[in-house]
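Reader: I am new to this structure and should be grateful for a close look at a single part of it. Would you kindly take one strand and describe its surroundings in a connected account?

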Amino acid sequence: MTVYTVVDGPLGEMLLVGEVTEDGGTALVSLSLPGQKGAAVVRDGWLRAPAAFEEIAAQLADYFAGRRTGFDITYAGGGSDFQRRVWQALEEIPYGATVSYGEIARRVGSAGAGVRAVGTAIGRNPLLVVRPCHRVIGADGSLRGYAAGLERKERLLGLEGALAP
């Protein structure tokens with residue numbers, strides 16, 4: 001069963017979508033921000049269930065308050081094998097750090113021309129904020145590509161202390 005809720009945050013209302021697990025928990029499928037390219041849209045048959053996301057919402061609130069540097073959230077599957085490898089590499093970027101798209105390509109064995117494919121996979125990350133694609137920047141240190149807008153990427157990196165003053 002697909003469940004969802006909307007949670008307020010400093011980046012706007014976040015749409016959380018999940019699947020109920022066999023043990024009654026919630027596996028996060030998507031975290032979308034307003035105006036995001038490729039954002040999830042509530043569909044007929046989905047159940048609004050704020051209680052299913054209480055723990056996730058609490059972790060997000062702690063992150064935005066500077067009390068949490070990582071997330072302990074069950075994610076639903078999804079994506080191709082390549083996308084999952086790229087997304088795993090994103091999860092390994094430490095809080096407050098940044099890496100280039102080229103570095104992610106090297107980590108997943110797709111250097112060179114594979115940088116573009118890595119950028120596409122990162123752009124299809126359905127779990128903004130919690131799977132930290134905002135920590136990936138251009139080789140020259142510039143902020144590039146973020147489905148929810150560069151100003152939000154800058155805010156997240158600023159929150160994490162990853163931007164030079």
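Author: Two strands are said to pair if DSSP finds at least two bridges between them. In this predicted model, strand E1, residues 2-7, meets that condition with E2, since the two pair in the antiparallel sense over 6 bridges. Strand E2 itself comprises residues 14-20, and it is the part examined here.

On the side of E1, one of the contacts joins Thr-2 to its bridge partner in E2, Glu-19. The hairpin of E1 and E2 has 6 residues between the strands, and Gly-12 takes a positive phi there, near 115 degrees.

Strand E2 also pairs with strand E3, residues 26-32, again in the antiparallel sense and over 6 bridges. Here Val-20 stands opposite Thr-26 in E3. The hairpin that links E2 and E3 has 5 residues between the strands; within this hairpin, Gly-24 has a positive phi near 90 degrees.

As to cover, E2 is mostly shielded, with 5 of its 7 residues buried. Val-20, which lies in this strand, is partly exposed, with a relative accessible area of 37%. Patches are made of residues with over 30% relative accessible area and no salt bridge, and because Val-20 has 37%, it is above that area cut-off. Together with Met-1 and Leu-47, Val-20 makes a nonpolar surface patch of about 280 Å². Val-20 thus has a place both opposite Thr-26 in E3 and in the nonpolar patch.

Definitions and conventions
Residues are numbered from 1 along each chain as its sequence is written. This is a predicted model: local features need pLDDT of at least 70, side-chain atom pairs count only at pLDDT 80 or more; totals for chains, interfaces and linings use all residues. Side-chain values use heavy atoms; hydrogens and water are left out. Buried means under 20% relative accessible area, exposed over 50%, partly exposed in between (1.4 Å probe, protein chains only). Helices (H or I, at least four residues) and strands (E, at least two) are DSSP runs, numbered from the N terminus. Patches are made of residues with over 30% relative accessible area and no salt bridge: like charges are joined within 9 Å, nonpolar side chains (Val, Leu, Ile, Met, Phe, Trp, Tyr) within 5 Å. Accessible areas come from the Shrake-Rupley method with a 1.4 Å probe; for residues, only the protein chains shown count as cover. A salt bridge is a side-chain nitrogen of Lys or Arg within 4 Å of a carboxyl oxygen of Asp or Glu.
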